[in-house]
Amino acid sequence: ENPVKVPLLLHSRVEERLSRKECSQLAVDCQCCRTLSLTMSRSSSRLGYKAAFMFWSLVPFIAASEDVKEGVSKVQEADKLPHESQLRLREVVFVIQSQRNSFHVQRAERLQADLLLQTEELRESPPPILLLHTLSDSQGDWSILPSLPYFSSHFGKNSSWIMFLEEETNVKLEKLLSVLKKFVRRKEWFLGKPLHDDESTIIHHYAFAENPSSFKYPDFSAGWALSIPLINRLANKVQQEPLKSDFTIDLKHEVALYIWDEGKGPRLTAVPELCTLPENSPTAQHCATTVSMHSPLCGEPVKREDIFVAVKTCKKFHLERVSVVKKTWEKQASRLEYYSDHADPSIPTINLGVPNTDRGHCGKTFAILSRYVSSTVPKTDWLLIVDDDTLISLPRLQALLSCYDPREPVCLGERYGYGLGQGGYSYITGGGGMVFSREAVHRLLASGCKCYSNDAPDDMVVGMCLNAVQIPVTHSPLFHQARPEDYARDFLAHQIPISFHKHWNIDPVAVFNKWLNDSDSSAERLSTRLKEEL
């Protein structure tokens, strides 16, 4: 229909697949088509001669048309051919988002072994399987973006996909491979299970405030994938332009924002086969990935007497906030003290001699750390420091701590990062609760690291100190710095959360009873109710 376009198409795409003779013949035939069209238009005034001319001219035209159709067919075939359907497992690089703590290393290695076993059963060449925490000594590797140049330089030529998995992600390799084959890997792809915000939220810096649900970001638990062309372009960008954000708060949202790049890059493509359903769910038969519930239990839960709980408060919040702690989770604690700027025997609170500050509270936190290792308080394996507006389930924390060795230096909670692209540090955000093993507290204090002021941000200063003595912070997604409504509902649906933070615009007692109180409903019933609400 448009013979001029075909030689251009041939020049750019078919020539790779056709012989010179075939290309030349197709080009000649297309030129005949164009000549015929021009001749017919000029001869419209000579009706007698035109009929005979058109009849004989149509013979090469028809022949040329058939050749052009054949050429276009070969163009389409050439577009498909670079073996999309022949994707091999060895072309998929698996990156397990592992952590340095021994419990998490074991989980990551278990997933790695399972992937290799499936590979053997499929009789495929084994794919590269990387544990993220082993790629370098940098504590910023968990934030993914600084590692993109590494992925590009090592796998940018001979691989097709980078598939990211969390430790609790279950994978069916054969199904996953069939899913990836659906996508033309020469293009830029960002694949995952989409999450969205129902309302603008502080943890996402109130992004897309006019329409929060319009922006989709991946649920890491389901696994997510980047095609190599996208990896290579992003790696160049990371190397040429410093990462803009100082803080890493919700990594999955920030990765999606970086890739989207205000419309210059691809948005997340939803893949229904990437799931966060339990592996044994009857509705998970189509899934290439499933997820283990976020409630590890590695033996008997830690005893209540083995956790010392420190609640930070101040005089102005004794009535408003401390009363909520007493109505909700205080009775779950065996050893608990309230630390304030005012001693109130009716609570009771203890004045540590540190003046209250409107922000930071570093002086108070370090005073708590020192008190914990003194003979003033009972000796326990674990220290939990929370704010007076933290809502927490201590029984769930006891179960989680069964997986950690208190003889190791452990600092556990919701992990944030500061300046990770420029050699910064990670820290446990204080509002969701900071958990320390006794060994971690001893090493931290022995380092001589101190607050530079009483109102310095305590969680960040602790993070700097831990980084200085090379104690990794350990992330658990079960701790939450914000309220339940600040997180995607589908994200919380496959969790049994341990904590939330802030009383702003909520009924904190009702939130505790719905999300954290196991006295009248089991964790399994809570999970079922959340899924029904979705």
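This tour visits selected strands, helices and side chains of the structure, one stop after another. The model is predicted.

**Stop 1: the seven-stranded sheet**

Begin by selecting β12, β13, β14, β15, β17, β20 and β21. These seven strands form an open sheet with mixed pairing, in the order β14-β13-β12-β15-β20-β17-β21. At the edges stand β14 (349-351) and β21 (473-475), each of which pairs on one side only. From one strand to the next, the twist averages 25 degrees.

Next, display residues 335-340, which make up strand β13. Strand β13 pairs with β14 in the parallel sense, over three bridges. To find the register, select Y338, which stands opposite T349 in β14.

**Stop 2: a helix across the sheet**

Select residues 362-372, helix α10. This helix lies across β12, β13, β14, β15 and β20, and it runs at about 155 degrees to β15.

Now show F308 and Y372, which form a tilted aromatic pair with 6.3 Å between centres and 45 degrees between the planes. Because F308 belongs to strand β12 and Y372 to helix α10, the pair ties together parts that are 64 residues apart in sequence. F308 is buried, with a relative accessible area of 2%, and Y372 is buried as well, at 1%. Adding R438 to the selection shows a further neighbour: the charged end of R438 sits over the ring of Y372, 4.4 Å from its centre.

**Stop 3: a lysine in strand β12**

Select K312, found in strand β12. Is K312 buried or exposed? Its relative accessibility is 7%, so K312 counts as buried, the cut-off being under 20%.

With which side chains does the side chain of K312 make polar contacts? One is the side chain of D387, at 3.4 Å; another is the side chain of D458, at 2.5 Å. Beyond four places in sequence, K312 touches several residues, including Y339, H361, K364, T365 and I368.

**Stop 4: strand β8 and its partners**

Move to residues 224-227, strand β8. Both of its faces are covered: W224 and L226 on one side, and A225 and S227 on the other, are all buried.

Add β3 (residues 161-165), which pairs with β8 in the antiparallel sense over four bridges. Here I162 stands opposite L226. Then add β5 (residues 190-192), which also pairs with β8 in the antiparallel sense, over two bridges. In this pairing L191 stands opposite A225.

While W224 is in view, select Y150, F151, F164, F190 and F220 too. Ring pairs link these residues and W224 into a cluster. In total, the structure holds 19 aromatic pairs.

**Stop 5: helix α8**

Select residues 251-260, helix α8. How many of its ten residues are buried? The helix is mostly covered, with nine of the ten buried; among them are L251, H253, V255, Y258 and W260. Show K237 beside Y258: the charged end of K237 sits over the ring of Y258, 4.1 Å from the centre of that ring. Just after the helix, D261 takes a positive phi of about 50 degrees.

**Stop 6: a last pair**

Finally, select L492 in helix α14 (residues 489-492). L492 counts as buried because its relative accessibility is 2%. Then select W515: the two residues are 23 apart in sequence, and their C-alpha atoms are 9.9 Å apart in space.

How values were computed: Residues numbered from 1 in each chain as written. Predicted model: local features only at pLDDT ≥ 70, side-chain atom pairs only at ≥ 80, totals over all residues. Heavy atoms only, no water. Pairing = 2+ DSSP bridges. Axes fitted to C-alpha atoms, helices over the stretch in contact; angles between N-to-C directions. Contact = heavy atoms within 4.5 Å. Buried < 20%, exposed > 50% of the residue type's maximum accessible area, 1.4 Å probe, protein only. Polar contact = N/O pair within 3.5 Å; in protein donor to acceptor, adjacent residues only side chain to side chain. Phe/Tyr/Trp six-rings, centres within 6.5 Å; stacked < 30°, edge-to-face > 60°. Lys NZ or Arg CZ within 6 Å of the ring centre and 35° of its normal.
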